[in-house]
Amino acid sequence: GRYKFQKHLCGYVPDLKNNGEEFECAKVIDANTAVKFWVRNVDRDPHAFKFQTATDYFYPDFYCELEDGRGLLVEYKGDPYKTNDDSREKNQIGHQWEESGGGKWLYMMAVKEDGQGRDVARQIEDKIAGRS
């Protein structure tokens, strides 16, 4: 059976295989009660949300609109990539974007388990609640 997302803006989720860690992250986002709707941000799509990096562009994996009107960008990283130079640059750019938003925008890099032992669901919950 195919998983049915309830809060994805379009119903169909492009460029997301129905297995793996990014798919699991999408399910967590979809189940979060603070999320009004979300979309998969597809790399290189002309309408995708992107940031300029030193060498190219950065396309965060998911954009969420929260029930309280704030926006949340979620970049998911697997273990081999969560601490490399590329991820550090993406985190810096995302956090600068968040700081410039006056509390209207949130950014996070989610991982399977963070340094505090939190799973993806808890990382997202804490970010939304301001406990990250």
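This passage describes aromatic pairs, charges over rings, helix packing and two individual residues in a predicted model.

Aromatic contacts are considered first. A pair of aromatic rings is described by the distance of the centres and the angle of the planes. The count in this model comes to twelve aromatic pairs. One of them joins Phe-51 and Trp-97. The ring centres of Phe-51 and Trp-97 lie 5.9 Å apart, and the planes meet at 65°. The pair is edge-to-face, because an angle over 60 degrees counts as such. Phe-51 belongs to strand S2 (residues 51–52), and Trp-97 belongs to helix H2 (residues 85–100). With these positions 46 residues apart in sequence numbering, the pair links distant parts of the chain. Phe-51 has a relative accessibility of 11% and therefore counts as buried. Trp-97 is likewise buried, at 14%.

Trp-97 also pairs with Trp-105. Here the centres are 5.0 Å apart and the planes lie at 5°, so the rings are stacked. Trp-105 has a relative accessible area of 32% and is partly exposed, because the buried class ends at 20% and the exposed class begins over 50%. Phe-51, Trp-97 and Trp-105 belong to one aromatic cluster, together with Phe-49, Phe-58 and Tyr-107.

Two lysines have their charged ends over tyrosine rings. The charged end of Lys-27 sits over the ring of Tyr-3, at 5.1 Å from the ring centre. For Lys-50 the ring is that of Tyr-57, and the distance to the centre is 4.2 Å.

Helix H3 spans residues 120–129. Its buried residues are Val-120, Gln-123, Ile-124, Asp-126, Lys-127 and Ile-128. These buried residues pack against two helices, H1 (21–31) and H2. They also pack against strands S4 (62–66), S5 (71–76) and S6 (105–110). After H3 comes Gly-130, with a positive phi near 80°.

The packing of H1 on H3 can be described by its geometry. The axes of H1 and H3 are 9 Å apart, and the angle between them is about 45°. The two helices are therefore oblique to each other. Their crossing is right-handed. H1 contributes Cys-25, Val-28 and Ile-29 to the contact. H3 contributes Val-120, Ala-121 and Ile-124. Val-120 and Ile-124 are also among the buried residues of H3.

Two further residues lie outside these helices. Ala-34 is placed in the loop between H1 and strand S1 (35–40). Its relative accessibility is 22%, so Ala-34 counts as partly exposed. Beyond its neighbours within four places in sequence, Ala-34 is in contact with Leu-66, Glu-67 and Ile-128. Ile-128 is one of the buried residues of H3. Ala-34 and Glu-125 are 91 residues apart along the chain, yet their C-alpha atoms are separated by 8.3 Å.

Arg-131 is in the segment after H3. It is partly exposed, with a relative accessible area of 49%. Not counting residues up to four places away in sequence, Arg-131 touches Arg-118, Glu-125 and Asp-126. Asp-126 is buried in H3. Arg-131 and Phe-51 are 80 residues apart in sequence, and their C-alpha atoms are 25 Å apart in space.

Key:
Residues are numbered from 1 along each chain as its sequence is written. This is a predicted model: local features need pLDDT of at least 70, side-chain atom pairs count only at pLDDT 80 or more; totals for chains, interfaces and linings use all residues. Side-chain values use heavy atoms; hydrogens and water are left out. Rings of Phe, Tyr and Trp (its six-membered ring) pair if their centres lie within 6.5 Å; planes under 30 degrees apart count as stacked, over 60 as edge-to-face and the rest as tilted. Helices (H or I, at least four residues) and strands (E, at least two) are DSSP runs, numbered from the N terminus. Buried means under 20% relative accessible area, exposed over 50%, partly exposed in between (1.4 Å probe, protein chains only). A charge sits over a ring if NZ of Lys or CZ of Arg is within 6 Å of the ring centre and within 35 degrees of the ring normal. Contact means heavy atoms within 4.5 Å. Axes are lines fitted to C-alpha atoms, for helices over the stretch in contact, and angles run from 0 to 180 degrees between N-to-C directions. Angles under 35 degrees count as roughly parallel, over 145 as roughly antiparallel, 65 to 115 as roughly perpendicular and the rest as oblique. A crossing is left-handed if the near helix is turned anticlockwise from the far one by less than a right angle, and right-handed if clockwise.
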